[in-house]
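User: Please take a close look at the charged side chains of this model and how they pair. Then say what surrounds them, in one connected answer.

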Amino acid sequence: MNVKDMSAPDDQSDGQEAEAVLARLSVTLDVAIERLERARPFAKGRYQGPVLDVVGRIIAQPGGLGVVRQRATRVDAAGLFSGSDWDRPEALLPQLVGGTLTSEDPAFRALEVCSLARFLAVADGDARHDNLHQDGARHFLTQVLALNLKDLFGVPDEAARALGARYDLKKRVLNHIADHVGLDDVLSVLVSEIWRLLEQRSVQVGMVKDMIAQIAIALNEKGTAPGSTRLGAERLVSALFGPTTASRDDPGLDIYLERLAVADESGLSREAMGFARAMHDTGLVSDYHAAFLTWALDYADRPLIPEALGLGGTGLDCWRHYRGLIEKLVRNAVTPATPQAAYGLAMLLDRGVLHHAPMVPALERQISLRIGGAARDRIALGFGEAVPPETHLLAGVLRVLGQPLGVGQGANPTCQSARAIALWALNDPDYLLHLITQVAEFDTLQMQFEGAPINSADLPVGLAGAGPIDADPVSVLLVVHLDRIYAEMGRLCAGRPGDPHTWINPQFHGWWVSRDCAVAVDVATGKLSSYDDFLRRFFAAYHPAYNGGRPLGHPQPAGIAVTDAHENFIGWHAIAILRVAEDQSGRMRVYFYNPNNDSGQDWGNGVIVSTSGHGERYGEGSLEFEAFLSRVYLFHDEPLRNPPGDEIPDNAIRQVSDQALSSWAATRQPEG
Amino acid sequence: MTDKNPDKGFVALLGWSLNAIDAVDRFDRRYVVVAPPWAEDYCKQNDIPFVPWDFDRLNERSHELAHQLDDMGVDVAIPIFEETVEWAGAVNAVLLKNPRLLGQAMLFRDKSLMKRRAQLGGIRVGVFEEAHDRGDVIRFLKRVNQTLLKLDGDPNDPIHFKAFDKSGTAGHRVIRTPEDVDNIPDEEFPALLESHLDGWEFAVEAWIKNGKIEFLNISEYVTLGYSVFVPATPELEAHRERITEEIEKLIEVFDIEFGFIHPEYFLTSDNKLYFGEVAYRPPGFNALELIERAYGFNGYQGLVLAFDPKTTQEELDAFFPKEIEDAKGHAGCFGVYPRRRVVSRLEVPEQTANHPYFEFHELSDPREQKVAKRSAFGTHWGLAYFFGDNPHKLRDLLKEQEELDYYV
């Protein structure tokens, strides 16, 4: 008999007794795991609850986390996560972990602990997981720590105290992870991670701002060794919480405005330039900066806005032409709830977008636009009600138009819609505003497919369901409609031979998408088809050395086969080719836009997407031409083009083809 | 799917039970699940062999099902629920070319017929009667209490009311007053009325092959409808020999060649054994799971062995352990009902959570804030499982649970 007869421990239980309790619970856990292991996949559900129940009691014991960690791989293999989101660790979001660890439901807390234990086992090299490699696991855990630094170091606040034992559990779990992953890593990884993300200039910066806030607390609580990490960290913290002389001590908005009231001319100039410098350095806008801009609108002596936005030549020229409109934009879009609008506006002005004739009336219309119906509710749901939905939308418009390549799809399967919004913002900004007006006022979107009208309000919901709310305001407004239209166009292509994107992409995006389309795989069989010709054609269409030196005019949608760091095929993904050019070292590179939220990805075998340091502009990802081509499976091309000549060297084609065949195309070689 | 042995039988499970399917899928016999059509998609997705069937009242279509299964090569049907017992009887009558099996199944399905048959066979039963309406119930309540020489105003001894064709505690009511009688819904008639027996109530699970008991478990009830554990205390196990004889009587009286029975008995204070009722299907309350925890064999797989005509004696000997001797401990479970009128969350009582015998629970979160008033025995909100080596301690622990709040 393996159950020890033992009375329940009291509060003063000594270490020995606690150990005995842990040993006993470990045996019980093994019983529960064995039952789960035995069950067929369809019957796992019933045996998951008991495992989580025991785990929940074990992790409340000292040393309990270690017990769970030892069994993490076994529990995973037994099927604890089957049927839940946790079954795909590669898709889990580190920003959700903190919330689940303090969930009201003990089963969720236990599940999250088991999931983290699995990451730990993989990160330590004790276990392997099909969809999770060691670096990925370590990176995930580092992000979890980074996002929860406050609870690792900080003194519990009111909210934490209210959580009681749940907060203690979270803190112990974080410490347990830190013991394994190491904390020295965290701050430096976090800082370089933030800089890497910032260099892509995403429209959505909420998570980055959260991480910086955590760093501020960590620096304050613990301090760290001096060095480059600390320098980078402080640069981030000051950009957000005290970028100028008068705000350095983070005095609060009221005191700051009092200081402005008594500042002299040179002091105000210094403030304006300080804000501009910090903003362009990081892409982040401090709350003080937003307050300064609003204050400056009513400062009669001289205009401080151009200085505070740090405008360049083109931007200043726009300011001179359209000062009235710009002041209206600042007044209506830059608020304490929407400070980032200032950065969007600055970038928009420097892009010279206002010189495009329809844009000035279109923005005037946007300022006076009232949002109705479901669209209004959706924006309020996504962004809160601190300011009206119109303010959120206008701020979103400025950010999207100022940082077109910063548009991201959030955690939604809507890369096509996100890509379309980005490309319109880049290419066709007044058309984008036209679409926004339709949806805001009538909650529908009208497009045409080869002459047939499509009205999104009449269509069933698409991939995005009721639409994302974790994206930027423009996406929140439009994606639910774009997604339906995209799906409808797909339906209208049903039965046509070949890949439907051939027809959808030009109809969906605009005339500037080339009308011909090359696809690497046969749609019916999924096998490669005339792959060498496909590659040759891409060279002839996009490589300046073989296309007569013609630069790419408009961005072109393209499809890539995404692979993971081990070259395993993950899925088809929509991106856009922006330009093809040599980098500083003379290597030909393809610069492209990826609507996922972070372009920097490792696709295996040295194909690592770079986001800075190789001539990328904000928001661009880049790869060397051949490496990029090895992942392309669909691209657009002009129907009128001379056939590719023989000048494209065979070994270049061979090199690309080999790289594709060792990864996503490995199982797609045609037979015979 | 485990590799199936083509030389062994092909069984049909009548009724939908994921636990049973899971166990049989892991076993070496070919099987098919016969269940209502709503299960079809699920079975397709999970590669579970499936025949859709509506088990409404038994009707002439039973022949159709029998032939469909016969054509598939099925050797025998195993009832999983009370409602499928007569279907299994009808199907097996065809598959095994033994018309008597249908009649036998009808006996198991009618509590009154069952009791009379037992009585005719010389098995001791309590006082019982059939009730077709509330008047019958009142009359029985009065007569039983008159017999007990109760005076007007004395509290009545209770009687038990059991709907004819319901299983376990569903439709089982304890009646003390005429008001209790008014609360019986029309659809629970006709029903069986029984006098109350003060005593020790327990159940038996017996796997039978060739008219012989292959394994006999005694499940000791701590409180009917709340808690049970296996193996029983030594005090109850002391009666094992007599109990075995009683089961052998049942086998003879009901002419049981093979399968599985689950009878209930009372051991009264004057040391007499009274037969309560018997079911020809797995027990509720996850008793098979408790047996698996204690003895290590899967009860559903045991069912397959007991039903399959191609099972050999060697297989049976290898499969079933030795009663009591081979038990690794005592396993019990407690059915949790919310005790408060309004509950908001599930919280295992601290003294339970910290008890070394407590293993885990399968309790659901409160689905509704308002607790329905319990009529009959109702349905519990889930089970809490316990395991330990001291049966008395386990029994007392299970009893204690009745006074604790799992839902607050």
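Analyst: A residue counts as buried under 20% relative accessible area, as exposed over 50%, and as partly exposed in between. With a value of 35%, Glu37(A) is therefore partly exposed. Everything below refers to a predicted model.

Glu37(A) is a fitting place to start with the charged pairs. Its side chain forms a salt bridge with Arg74(A), and the closest N and O atoms are 2.8 Å apart. The two partners come from distant parts of the chain: Glu37(A) sits in helix H1 (residues 15-38) of chain A, Arg74(A) in helix H3 (residues 64-78) of chain A, and their positions lie 37 residues apart in sequence. Arg74(A) has 30% relative accessibility, so Arg74(A) is also classed as partly exposed.

A second pair in chain A joins Glu450(A) to Arg496(A) in a salt bridge, at 2.7 Å from N to O. Glu450(A) belongs to the loop between S1 and strand S2 (452-455) of chain A, and Arg496(A) to the loop between H24 and helix H25 (501-509) of chain A, so this bridge ties together parts that are 46 residues apart in sequence. Glu450(A) is partly exposed because its relative accessible area is 40%. Arg496(A), at 28%, is partly exposed as well.

In chain B, the side chains of Arg340(B) and Asp405(B) meet in a salt bridge, with an N to O distance of 3.3 Å. This pair again links distant parts of the chain: Arg340(B) lies in the loop between strand S14 (330-335) and helix H14 (350-353) of chain B, while Asp405(B) lies in the segment after helix H15 (391-401) of chain B, 65 residues apart. The relative accessibility of Arg340(B) is 40%, which makes it partly exposed. Asp405(B), at 21%, is partly exposed too. Chain B also holds a network of salt bridges that links Lys8(B), Asp28(B), Arg29(B), Asp308(B) and Glu315(B). Over all chains, the count of salt bridges comes to 64.

Which charged residue is buried yet has no salt bridge? Arg109(A) is such a case: the nearest side chain of opposite charge is Asp105(A), 6.7 Å away. The cut-off for a salt bridge is 4 Å between a side-chain nitrogen of Lys or Arg and a carboxyl oxygen of Asp or Glu. Arg109(A) lies in helix H5 (residues 106-123) of chain A. Leaving aside neighbours within four places in sequence, the contacts of Arg109(A) are Thr100(A), Leu101(A), Thr102(A), Ser103(A), Glu104(A), Arg166(A) and Leu169(A).

The helices around these sites can be described next. S1 and H24, which flank the loops of the Glu450(A)–Arg496(A) pair, also take part in the packing of helix H23 of chain A. The buried residues of H23(A) pack against helix H19 (359-368), helix H20 (373-383), helix H21 (389-402), helix H22 (415-427), strand S1 (446-449) and helix H24 (473-492) of chain A. Those buried residues are Pro429(A), Leu432(A), Leu433(A), Leu435(A), Ile436(A), Thr437(A), Gln438(A), Val439(A) and Ala440(A). At 1.5 Å a residue, the 14 residues of H23 (residues 429-442) should span 20 Å, which agrees with the 20 Å between its end C-alpha atoms. After H23(A) comes Asp443(A), with a positive phi near 50°.

H21 also helps to cover helix H18 of chain A, along with helices that include H14 (265-282) and H17 (313-333). In H18 (residues 341-350), 9 of the 10 residues are buried, among them Tyr343(A), Met347(A) and Leu349(A). Gly352(A) follows H18(A) and has a positive phi, near 75°.

On the larger scale, chain A is assigned domain 1 (15-181), domain 2 (197-241), domain 3 (356-492) and domain 4 (516-661). Taken over C-alpha atoms, the centres of domain 1 and domain 3 of chain A are 39 Å apart. Chain B is divided into domain 1 (10-108), domain 2 (128-195), domain 3 (200-328) and domain 4 (332-401), and 33 Å separate the centres of its domains 1 and 4.

Definitions and conventions: Residues numbered from 1 in each chain as written. Chains lettered and ligands numbered in written order. Predicted model: local features only at pLDDT ≥ 70, side-chain atom pairs only at ≥ 80, totals over all residues. Heavy atoms only, no water. Helix = DSSP H or I, 4+ residues; strand = E, 2+ residues; numbered from the N terminus. Expected span 1.5 Å × (residues − 1). Buried < 20%, exposed > 50% of the residue type's maximum accessible area, 1.4 Å probe, protein only. Contact = heavy atoms within 4.5 Å. Domains from an automatic or database assignment. Lys, Arg positive; Asp, Glu negative; His and termini not counted.
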